[in-house]
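Please examine the model shown here. A reader's questions and an author's replies are set out after it.

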Amino acid sequence: MAGVGGRVGAFVGGSTAGFALSWNLTNTGAIAPVLARHYDVGLVTVGLLTSIAFFAELAIMIPGGRAIDRWGARRVALGALVLCLAGNALLLVLPGIYAALFLRWLLGFGVGAGFVAGSIWITEDPRGRSALGQGLFGGVSLAGAGIALAVVPALKGPLGWQSSYWTGLAVAAAALALVIVSVGAVRQAADHETTPLRRLVTHPLIARLGVVHSASFAFSVIAGNWVVTLLTRHLGLSYRAAGIAGGLTLVLGIVGRPLGGWTVRRFPTLTYVVIVGSLALGGLATLALALSSSLALDVVAAAVLGLASGVPFGACVDAAARTFPRAPGEAVGAMNLYAVTAIILGTPLVGATFSLPGAGRIGFAALAVLTVAAVVAVPVASFRGRP
């Protein structure tokens with residue numbers, strides 16, 4: 001089979017890898033009560049299936065970024081997909097919650113390194129280094145997590161608890177085939193420097209970008225993991241219906257992320273206002289989900305959250321890469337550390353609120369408040385006048 005080369009190959013390969021890897025962000029949370037019954041555990045423990053994967057992501061972000069800068073994004077993406085394919089296959093055959101937690105931890109190394117690899121791969125052609133390019137990548141990749149919220153519950157009937165893992169395996173296998181034939185841009189000799197971890201993580205701009213990235217990307221992932229459970233508990237919806245409605249919290253990032261990237265490119269002086277507005281709108285939409293008063297309102301809220309949470313992505317990734325131009329993989333990885341930490345802590349905590357009065361409403365309300373509060377972290381200087 002002829003390879004897909006050049007700029008198109010880089011975008012196809014990077015985005016395909018991102019799509020397949022992000023599937024694993026929500027494929028267990030999509031049918032959390034079903035997995036809880038299968039493993040004979042509570043919802044908090046099922047939440048750990050997501051959190052423990054992000055523990056591995058936390059550990060691999062900087063080493064993975066260094067590997068990308070040194071050996072190339074395509075190689076790292078290939079290895080990440082192989083690891084995710086193997087992890088989902090073993091989850092189907094090895095019994096017990098402890099084996100599941102261990103395998104999800106291993107799988108997380110692939111998700112973390114591979115997602116950063118995808119975002120860097122599409123920029124190996126200098127023409128692709130823009131907020132718009134990152135927004136397009138982010139939209140396609142996040143679609144994996146959103147579509148998983150709709151597909152996994154829909155397959156619960158024929159596949160049962162295994163729908164989480166069969167779908168993850170199938171998507172990884174298909175992506176692996178596409179990545180193999182996607183050559184991408186010709187990588188120039190690396191002008192790479194290794195930056196100390198402390199300098200990366202504590203850099204003021206990286207830290208502020210990390211907070212914004214957490215309030216948009218991380219919180220949408222946390223909400224996505226529990227929104228199906230929220231809707232089934234409060235509205236009595238079937239898993240299929242709740243999955244379709246809840247999937248909008250991530251699927252509409254397909255529009256929100258490119259929209260944010262396009263805004264930066266077309267109206268650079270409005271970038272700060274747009275990002276602040278997206279955080280405020282995302283917070284209000286999350287609060288509406290917390291109230292969960294009607295299906296119509298929740299569908300609108302999920303759609304608005306999906307759009308709003310995607311807007312800051314391209315600008316944040318582009319700004320992080322520009323901050324350390326000789327180590328863009330490490331810089332993006334450092335920014336992602338903040339979001340990954342938020343997911344690790346937030347996913348089980350929101351799950352725990354389902355055992356409190358309101359059955360999850362408190363957790364979603366807390367996400368709403370924190371999203372709006374993140375407005376104070378948006379870096380004014382970086383997002384004004386940047387083309």
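The exchange below concerns aromatic pairs, the nonpolar core, two helices and two single residues.

Author: This is a predicted model, in which local features need pLDDT of at least 70, side-chain atom pairs count only at pLDDT 80 or more, and totals for chains, interfaces and linings use all residues. Residues are numbered from 1 along each chain as its sequence is written, and side-chain values use heavy atoms, with hydrogens and water left out.

Reader: Which kind of aromatic pair do W161 and Y165 form?

Author: Rings of Phe, Tyr and Trp (its six-membered ring) pair if their centres lie within 6.5 Å; planes under 30 degrees apart count as stacked, over 60 as edge-to-face and the rest as tilted. A search of the whole structure finds 6 such pairs. For W161 and Y165 the centres are 6.0 Å apart and the planes make 75°, so the pair is edge-to-face.

Reader: Which residue forms one aromatic cluster with W161 and Y165?

Author: W161 and Y165 are both buried, a term for under 20% relative accessible area, with exposed over 50% and partly exposed in between (1.4 Å probe, protein chains only). Contact means heavy atoms within 4.5 Å. Leaving out residues up to four places away in sequence, L49, G96, I97, A100, W161 and Y165 are touched by Y39. The residue that completes the cluster is Y39.

Reader: Which helix gives the most to the largest nonpolar core, and with how many residues?

Author: A nonpolar core is a set of buried Ala, Val, Leu, Ile, Met, Phe, Trp, Tyr and Cys residues joined through side-chain atoms within 4.5 Å. The largest has 115 residues, and those touching the most other members include Y39, Y165 and W226. Helices are DSSP runs (H or I, at least four residues), numbered from the N terminus. The greatest contribution comes from helix α10 (residues 204-235), with 16 residues.

Reader: Is S216 buried or exposed?

Author: S216 belongs to helix α10. A polar atom of its side chain lies 2.9 Å from the backbone oxygen of V212. Because its relative accessibility is 3%, S216 counts as buried.

Reader: What is the distance between the end C-alpha atoms of helix α5?

Author: Of the 25 residues in α5, 19 are buried. The expected span is 1.5 Å times one less than the number of residues, so α5 (residues 97-121) should span 36 Å. In agreement with this, the end C-alpha atoms are separated by 35 Å.

Reader: Is T353 buried or exposed?

Author: T353 is placed in the loop between α17 (328-352) and α18 (361-373). Beyond its neighbours within four places in sequence, T353 contacts A359, G360, I362 and G363. Since its relative accessibility is 9%, T353 counts as buried.

Technical notes. Helices (H or I, at least four residues) and strands (E, at least two) are DSSP runs, numbered from the N terminus. A polar contact is a pair of N or O atoms within 3.5 Å; within protein, one must be able to donate a hydrogen and the other to accept it, and residues adjacent in sequence count only if both atoms are side-chain atoms.
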